[in-house]
Amino acid sequence: MAPSSGSPTGTGGPGMPGWRPKLTLRGHGRWAMPLAFSVAGALVAMTLTGLGSTPTASARPGGNTAGQAQGNTAARLIHQGKQTFRFSTFNDQKFWGDTLHLNKTIAGAKHGGIGPGLSPKEALALGLKVDVNALPKSLQEAIKNGQVDLNDPGVTLALLKLNAVVGVKGFFTSNGNLSTVGIECALCHSTVDNSLVPGIGHRLDGWANRDLNVGAIIGFAPNLQPIANLLHTDVATVHKVLNAWGPGKFDAELLLDGKAFQPNGSTAAALIPPAFGLAGVNLHTYTGWGSVPYWNAFVAVLEMHGQGTFFDPRLDNAKQFPIAAENHFGHVVANPDLVTPKLPGLHAYELSLRAPAPPPGSFDPAAAARGKALFNGQAECATCHVPPIFTQPGWNLVPSKAVGIGNFEANRSPTHMLRTTPLAGLWSHQKGGFYHDGRFPTLLAVVQHYNKVFHLGLTRAQEKDLVQYLLSI
């Protein structure tokens, strides 16, 4: 389903031929790269998945019922979105491969590229995942039995040819060389269940890949000069910014406001959030930039550097978004537009992804029951995290002071607010910590923070009970 690697046409967008916006690295900066689709949403897809469940009268004698027809249409839309989420690059290979030449260092000199190449062992260490369903049974058995050389970059190329690397698409010449490479939505928002070996298993779409070292992967590209040029800085500074991110983090706003570090010197990159459990949820992302389809368009065009159209006049605010305003990032037009036609299906698929249930034995049921009573009562959590969507129905933004932190992250968005994060499936993305920047290493630390800030009067035992409930939803 990925577009061809032919030259795109159009104007004004990242990934377009000759696109070189002039950017200034102002003080500490933040740089937006491929967040394959951050989080948060609306109701539509869950509704879509239910269409046709109660058939209505026949649309015509002898034909399918109207309900069945609607259900078929909904199912097709969700299937299209699944294909887009997993396999569409939106022609972003023009940036990642043709401009940054990431394909060359992946292939290595022995296979038509440069350097030693990227072995499967190294790729897995970077947090990249492999879809076991894309592997022939014979290869699965060979990997399981340790008969495949995971130190050989040639094996990486074979996996790319099988379209087995989650979120990465390789394009090959007739002689088998890797000509370019693109990224897909699933890169950051899918992982695998490790059913074959660690890093290789069945896809888990919508899960945050907290193993993924996005900064190191970008830094692996041999030609970061275009990025340095965009930021009006040098390649060494670009590497410094990228290396500061670490596993599970991505900075989605650097190319908007030029802030790469928090006032305390920590990276301004945010944790990759999950993309499941969004049905019924209004605003998307930690700071509520917009709905699911808004953020999909934003990321596909401005972050993945795909060929598409994107509008947001809020980015014309030169005081808040000097880089975005200077380069008209709020007014990107592409012809042909490879993003917009895929937004409906992508929206439907993402909203159909339910939060995963916690594994048996992963929490204490008795403690969780006590914690639920606290959640809905003394701890007052349900005031904002309203069950069963676990965020506010309707406008789900609050000021930073409402959660007891500073406003650095909130002020990076047009809302100047923080979204009340949905909590379903919280157990699945504990790696890297909590809050947008992982400042709290554990759920217990989060509960203790609220207990202190809001004077809840919870005992240590009650704090632990509340954690068990959070792990159960």
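Start by selecting helix H11, residues 235-245, in this predicted model, and colour Val 238, Val 241, Leu 242 and Trp 245, which are the buried residues of the helix. Looking along the axis, you will find that they lie on the same side of H11, because the arc they cover around the axis is only 95 degrees. Next, show what this buried side packs against: helix H9 (214-219) and helix H10 (225-231), together with strand E8 (249-250) and helix H12 (254-257). Then turn to the face of H11 that points away from the buried side, where the exposed residues Ala 236, Lys 240 and Asn 243 are found. Just after the helix, select Gly 246, which follows H11 and has a positive phi, near 80 degrees.

From here, move to the largest nonpolar core, which has 115 residues, and select Phe 298, Phe 310, Leu 315 and Phe 375, the members that touch the most other members. Helix H13 (residues 292-303) deserves its own colour, since it supplies the largest share of this core, namely eight residues. Centre next on Phe 375 and display its contacts, leaving aside residues up to four places away in sequence; among them are Cys 381, His 385, Pro 387, Phe 390, Leu 423, Leu 466, Tyr 469 and Leu 470.

Finally, zoom out to the whole protein chain, in which there are 18 helices and 13 strands. Of its 473 residues, 57% are buried, and about 19,000 Å² of the chain is exposed, with carbon and sulfur atoms supplying 57% of that area. Among contacts with a separation of 6 or more, 71% link residues 24 or more positions apart.

Conventions: Residues numbered from 1 in each chain as written. Predicted model: local features only at pLDDT ≥ 70, side-chain atom pairs only at ≥ 80, totals over all residues. Heavy atoms only, no water. Core = buried A, V, L, I, M, F, W, Y, C linked by side-chain atoms within 4.5 Å. Buried < 20%, exposed > 50% of the residue type's maximum accessible area, 1.4 Å probe, protein only. Helix = DSSP H or I, 4+ residues; strand = E, 2+ residues; numbered from the N terminus. Contact = heavy atoms within 4.5 Å. Areas by Shrake-Rupley, 256 points an atom, 1.4 Å probe, with all protein chains shown as cover. Arc of directions from axis to C-beta.
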